[in-house]
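Welcome! Here is a short briefing to read alongside the sequence and the 3D view. Take a moment to look around first.

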Amino acid sequence: LQIGWNRVRATRASGIWRGPDDEYYYFVNGFHALPEDRGIVAATGDHGGEFVAAVQRGRVWGVQFHPEKSGAAGLELLRRWGRS
């Protein structure tokens, strides 16, 4: 179970991440995705081991954290997400 702030690292520049991102976002989760296609992984985090924090395929995004609860970094991410 993960509740709280965790650093997220973008794995590639695209869409909502313009380049390397190393911000903290707020998580409340008890599971994580294990995509068969690692090519869709857009960001990772570490909580007792590396996990997938965000995926992207085309214009479709999914994140494991709560951007709306993640302060200034989350609001900036949502702004970029709306423009992507």
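**A patch on the surface**

Leu1, Ile3 and Val28 come together as a nonpolar patch on the surface, and their accessible area adds up to about 340 Å². Keep in mind as you explore that this is a predicted model.

**A closer look at Ile3**

- If you want to find Ile3 along the chain, look in strand β1, which covers residues 2–10.
- Is Ile3 buried or exposed? Ile3 counts as exposed because its relative accessibility is 57%, and exposed means over 50%.

**How the chain is built**

- The chain contains five strands and one helix.
- Reading from the N terminus, you meet these elements in the order β-β-β-β-β-α.
- The radius of gyration is 12 Å, close to the 12 Å that the globule rule gives for 84 residues, so the chain is as compact as a globular protein of that length.
- Along the principal axes, the C-alpha atoms fill a box of roughly 30 × 30 × 20 Å.

**Inside and outside**

- How much of the chain is buried? Of its 84 residues, 40% count as buried.
- On the outside, the chain exposes about 5,000 Å², and 54% of that area is supplied by carbon and sulfur atoms.

**Contacts along the sequence**

- Consider the contacts between residues at least 6 apart in sequence: 51% of them join residues at least 24 apart.

Definitions and conventions. Residues numbered from 1 in each chain as written. Predicted model: local features only at pLDDT ≥ 70, side-chain atom pairs only at ≥ 80, totals over all residues. Heavy atoms only, no water. Patch = residues over 30% accessible without salt bridge, like charges linked within 9 Å, V, L, I, M, F, W, Y side chains within 5 Å. Areas by Shrake-Rupley, 256 points an atom, 1.4 Å probe, with all protein chains shown as cover. Salt bridge = Lys/Arg side-chain N within 4 Å of Asp/Glu carboxyl O. Helix = DSSP H or I, 4+ residues; strand = E, 2+ residues; numbered from the N terminus. Buried < 20%, exposed > 50% of the residue type's maximum accessible area, 1.4 Å probe, protein only. Rg over C-alpha atoms; globule rule 2.2 N^0.38 Å. Contact = heavy atoms within 4.5 Å.
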